[in-house]
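Work through the exercises below with the sequence and the 3D view open. Try each task before reading its solution.

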Amino acid sequence: MIELYILLIFMIIGAIIAIEVKDLLSSVVAVGGVGMGLSMVFLILKAPDVAITQLVVEILCLIILIRATLKVDLPFSTTGRWVLNTVITVLFISVFLFFAKTCLKDLPEFGYPLMRIASTYLEQGLMKTGAVNLVSSIILDFRAYDTLGEATILFTAVIGVFTVVRKQGRKELNEKVEEENE
Amino acid sequence: MSREHEQGMSLIVKTITRFTVGLILLYGIYIISHGHVSPGGGFAGGVIIALSIIHLMLAYGKDITFKKVPRKTVSFFESTGAILFLGIALLGFLGGYFFMNVLPKGESFKLFSAGIIPLCNIAISLKVGAGLFGIFLVLVLLKFKVEIKDKNKSG
């Protein structure tokens, strides 16, 4: 278990660096380090499916972040009022911790889930679906509705991106200037 | 070769890319087709296929990539994946209910087994690969547009 805690501390430090550092490229690299650490955590917790997905999606996100958004100048908000911000942050964190302490008492213990249906899937999954990889049999057979919804979400996201960044129907630069004059 | 006609990265990167793109694509297809036997599945394999095309685009520039993978193909594959997945779901009505595993289960631990699950994996991988590559494409083209606008402002 000790390597898990080392990876968790590494990820927390990486996240803090990603927030605090001024250079955008260093921040993106720190985010990538956090993602790689998360992938290794999944691997240690014996979830290779999630680890593979996390790894490849992390690589894709890094490429998109570096290639598509890094050259654009983003405004930094480094103005004052940090005393108020810190006080509000600490206040919210303490409120969340207080309610979490009262709520988490009632949760079932680690490894003893509330829903007993998972054991049925584990026992009869191979017989009912014929798939050796039980994760695959659950997401594509027992829980296929969820996968259909997820595919719909991705489809909607792609259509949304295509619509926002489209070429047709977009106003020219001169038209925008005229609008601003009015 | 003059500087203006040169797109993409240096000769070393291009040569290495020529060797590795096919391997990455094959690995993605392996992950998809063995999704019901070994870890992986449609989503991860689709992202790996999208990464191989993105690799080609980063190394060779967008013109050669568009020659190999036109934008029409991307939207065609994404729509095909979505319709294929929904069609497999509707196929379940032959046996009784939505998403029923109507095909024969076959023998476990073999490639051709588990009924509709490999077909679902293929449909999802088509959708995810084409969709994520499309998002990357659009965001990169947006970057070019921002640069052109900046040039207009300064000039």
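**Exercise 1. Describe the secondary structure of chain A and of chain B in this predicted model: how many helices and strands are there?**

Solution.
- Step 1. Chain A contains 8 helices and 0 strands. Read from the N terminus, its elements are α-α-α-α-α-α-α-α.
- Step 2. Chain B contains 5 helices and 0 strands. Its elements, again from the N terminus, are α-α-α-α-α.

**Exercise 2. What share of the residues in each chain is buried, and what share of the contacts joins residues at least 24 apart?**

Solution.
- Step 1. Chain A has 182 residues, and 15% of them count as buried.
- Step 2. Chain B has 155 residues, of which 37% are buried.
- Step 3. Take the contacts in chain A between residues at least 6 apart in sequence: 32% of these join residues at least 24 apart.
- Step 4. Apply the same count to chain B, and the share is 68%.

**Exercise 3. Compare the span of helix H2 of chain A with the expected span, then do so for helix H1 of chain B. Where is the kink in H1(B) centred?**

Solution.
- Step 1. Helix H2 of chain A covers residues 24–44, which is 21 residues. At 1.5 Å a residue the expected span is 30 Å, and the distance from first to last C-alpha is close to that, at 31 Å.
- Step 2. Helix H1 of chain B covers residues 11–33, which is 23 residues. It reaches 34 Å from its first C-alpha to its last, close to the expected 33 Å.
- Step 3. H1(B) has a kink of about 35°, centred on Arg18(B).
- Step 4. The buried residues of H1(B) are Gly28(B), Ile31(B) and Ile32(B). An α-helix has 3.6 residues a turn, so residues three or four places apart point the same way.

**Exercise 4. Is Lys46(A) buried or exposed, and what is the sign of its phi?**

Solution.
- Step 1. Locate the residue: Lys46(A) sits in the loop between H2 and H3 of chain A, just after H2(A).
- Step 2. Its phi is near 65°, a positive value in a residue other than glycine.
- Step 3. Count neighbours: 7 other C-beta atoms lie within 10 Å of Lys46(A), so the residue is exposed. The cut-off for exposed is 12 or fewer.

**Exercise 5. Apply the neighbour count to Ile6(A) and Ser108(B). To which class does each belong?**

Solution.
- Step 1. Ile6(A) is part of helix H1 (residues 2–20) of chain A. It counts as exposed because it has 11 C-beta neighbours inside 10 Å.
- Step 2. Ile6(A) and Val41(A) are 35 residues apart along the chain, and their C-alpha atoms are separated by 10.0 Å.
- Step 3. Ser108(B) belongs to the loop between H4 and H5 of chain B. With 15 C-beta neighbours inside 10 Å, Ser108(B) counts as partly exposed.
- Step 4. From Ser108(B) to Gly129(B) there are 21 residues in sequence and 28 Å in space, C-alpha to C-alpha.
- Step 5. Leaving out residues up to four places away in sequence, Ser108(B) touches Leu126(A), Gly130(A), Val132(A) and Ser113(B).

**Exercise 6. Describe the side of chain A that touches chain B. Which helix gives the largest share?**

Solution.
- Step 1. The contact involves 34 residues of chain A and 45 residues of chain B.
- Step 2. On the chain A side, the elements giving two or more residues are helices H3 (48–69), H5 (117–129), H6 (134–142) and H7 (144–164).
- Step 3. H3(A) gives the largest share, with 12 residues.
- Step 4. Sorted by class, this side has 24 nonpolar, 6 polar and 4 charged residues.

**Exercise 7. Which residues touch the most other members of the largest nonpolar core, and which helices supply at least two residues of this core?**

Solution.
- Step 1. The core has 48 residues, and Val47(B), Ala50(B), Phe85(B), Cys120(B) and Phe133(B) touch the most other members.
- Step 2. At least two core residues come from each of H3, H6 and H7 of chain A, and from each of H1, H2 (42–60), H4 (71–91) and H5 (117–154) of chain B.
- Step 3. In chain A, domain 1 (1–73) and domain 2 (108–170) each give the core at least three residues. The C-alpha centres of these two domains lie 23 Å apart.
- Step 4. Take Ala50(B) as an example: not counting residues up to four places away in sequence, Ala50(B) touches Leu60(A), Gly129(B), Leu132(B) and Phe133(B).

Notes: Residues numbered from 1 in each chain as written. Chains lettered and ligands numbered in written order. Predicted model: local features only at pLDDT ≥ 70, side-chain atom pairs only at ≥ 80, totals over all residues. Helix = DSSP H or I, 4+ residues; strand = E, 2+ residues; numbered from the N terminus. Buried ≥ 20, exposed ≤ 12 C-beta atoms within 10 Å, placed from the backbone. Contact = placed C-beta atoms within 7 Å. Expected span 1.5 Å × (residues − 1). Bend = angle between axes of the 7 residues up to and from the residue. Nonpolar A, V, L, I, M, F, W, Y, C, P; charged D, E, K, R; others polar. Domains from an automatic or database assignment. Core = buried A, V, L, I, M, F, W, Y, C linked by C-beta atoms within 7 Å.
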